[in-house]
Every structure is written in C-alpha cells, then in structure tokens.
Amino acid sequence: MKRKFKISNLYLIFIFILLYLPIAYLIFYSFNRGTNMNSFVGFSLDHYKEVFHDTRLWTIVINTIVLGLLSSLVATIIGTCGAIAIYYLRSDRIRKRVLNFNSVLMVMPDVMMGASFLVLFTFLIKIPMGFMTVLLSHIAFSIPIVVLMVLPRLYSLNPSMILAAEDLGASDITILNKIILPNITSGVLTGFFMALTYSLDDFAVTFFVTGSGFTTLSVEIYSRVRTGISLEINALSTLMFLASLFLVVIYYFISQREMKIMERRKVDE
C-alpha cells in the first residue's frame, strides 16, 4: 500500500509539472528584457508597460470580459430553468433523450459547432457578424454546461421537503424561491463559472462567427502569434492567469461557505 501510495504521488507530481511547467516558462519570460524566449537577458517590466499602453488590446479585453459575463449570466438562467424542467419530466424515456441531446452538444467538435453557427447566421437567420452573433453562440454552447452542473444538485434534493411544502399549500413560485434555488445555489454558481471559463477561453467558435468590427482576446492573440511571438503576449497571458486564479479563489470561498450552510441545515434537521 505504501508503494502504491508513493507511485500515485509521483504520478500526480508528474502531471502537475507537465501542466504548469509551460505556464511557469511563459510567466518567467514575460519579465525578460529581451524580445524573444531564446535567452533571458535580464529582468524588466517593459512588456507589461506595453500591455497597459496598448489601448486597442484593452478594448478587446473589455469586450471579452463583457461578452463572457453576459453570455454566462444568460446561459446560467436558461440552463438552470432547463435543468429544473428536465428534473420535473415525468417520463424517464423523454428525460434520457433530452440528456442525450444535451450531451451531444458537449462532445461536438468546436470547429463543427462554429461552422454550423456560421451557416445559421449567414443563410438562415442572416444576422450581421459581430457582437450579437458571438454572444448568441457563446450562450448556446454554455447552456449544456450549466445543465450538467445544476442537475446533480437537483437530484440530491430531499423530495420530502417539496412534498411537505405542497401539503402546506405553498405555490410553485414559493417552492422554487424557498426550497429549490437555495439548495442548488452551489451548482448554479459552478455552472456560471464554468460557462465564464469556456466563454473567455473559446477560440474556434468565435473565430467562425466574429466580424470585422468585433473580436475577442483569443482571436486577437492568435492573429498576433501568426506574425511572430511577442513577449507582450506573455505579459498579457500572465495577467489572464492571475485573473483566472483570482476567480478560482473566489469560487473556493463561495463553495466553502455553501458547504457550511448545508452542514448547518443538516444539523438543524
């Protein structure tokens, strides 16, 4: 058992090194005084100054954040309502089919999804390519993620609480606000953060549906890397990594608070 434990630890260490070593390498060279990652000339913050003085880049960053927050919010609302609707489906056969369709959207290749949205907005609905097409696309591929995050919380609910509320004459809105939503808050927040992560990180779908007047950070980085790797990209990626780390810390404290509330409820019951 000790030998297996040591092997598993070594495997985990190897995986974490494999994942975080490129990020550490990227962050390290963001402080390089030189212009490439071939050799470290000396410590400097010049590339961070370039990032902060690049007004076009910061406009794209703001556009990406607004897009991510708005698409995640709408997708969370729709996905939560969809998960509740699936939970209340009486037919197990229909429920399984709906979940299968939801899973298909999760495993569909991004390139295929982006091409399908391009056909949709070009020939069927005919919406000019830009912010609206990117927003609708991000909402569409984020909804299945939210559904998968919220459903387990719904299935972990105690049905006796809902039945007791119905026996006491509570309306559907009261049951939703007082019983269902407070108990699935952690799942809803998880779905929101997952949708936000997917939106900020997406490239393939956005590349297909973005227009000449609107772009996101992933598409902009791709276009800049094609002309040559600049250490300004390293500095920007470092700032994005720190922002992602900050979101993870916030979510950790929210989940810990939610767990404490759930434990108190179990003690009270």
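This section describes confidence, helix geometry and selected residues in a predicted model of the protein chain.

The mean pLDDT of the protein chain is 82, and 94% of the residues score at least 70. Confidence varies between elements: helix 3 has the highest mean pLDDT, at 90, whereas the lowest, 75, belongs to helix 12, which covers residues 231–268.

Helix 3, comprising residues 55–87, packs against helix 6, comprising residues 131–155. Their axes lie 6 Å apart and form an angle of about 40°. Angles from 35 to 65 degrees fall outside the roughly parallel and roughly perpendicular ranges and count as oblique; helix 3 and helix 6 are therefore oblique to each other. The crossing of helix 3 and helix 6 is right-handed. By class, 20 nonpolar and six polar residues make up the contact of helix 3 with helix 6, and charged residues are absent from this contact.

Helix 9 runs from residue 185 to residue 201 and contains 17 residues. At 1.5 Å a residue, a span of 24 Å is expected for helix 9, and the C-alpha atoms at its ends are 24 Å apart, so the expected and modelled values agree. Buried residues of helix 9 are S186, G187, V188, T190, G191, F192, F193, A195, L196 and S199. In general, residues three or four places apart in an α-helix point the same way, because there are 3.6 residues a turn.

K126 is located in the loop between helix 5, residues 110–124, and helix 6. Its relative accessibility is 62%, which is over the 50% cut-off, so K126 counts as exposed. The backbone of K126 has a positive phi of about 60°, although K126 is not a glycine. Most residues other than glycine have a negative phi.

Two pairs of residues illustrate separation in sequence and in space. K126 and I162 are 36 residues apart in sequence, and their C-alpha atoms are 45 Å apart. For E166 and I127, the separation along the chain is 39 residues and the distance between C-alpha atoms is 45 Å. E166 belongs to helix 7, which spans residues 159–167. With a relative accessibility of 41%, E166 lies between the 20% and 50% cut-offs and therefore counts as partly exposed.

Conventions. Residues numbered from 1 in each chain as written. Predicted model: local features only at pLDDT ≥ 70, side-chain atom pairs only at ≥ 80, totals over all residues. Heavy atoms only, no water. Helix = DSSP H or I, 4+ residues; strand = E, 2+ residues; numbered from the N terminus. Expected span 1.5 Å × (residues − 1). Buried < 20%, exposed > 50% of the residue type's maximum accessible area, 1.4 Å probe, protein only. Axes fitted to C-alpha atoms, helices over the stretch in contact; angles between N-to-C directions. Parallel < 35°, antiparallel > 145°, perpendicular 65-115°, else oblique. Left-handed = near helix turned anticlockwise from the far one by under 90°. Nonpolar A, V, L, I, M, F, W, Y, C, P; charged D, E, K, R; others polar. pLDDT = per-residue confidence, 0-100.
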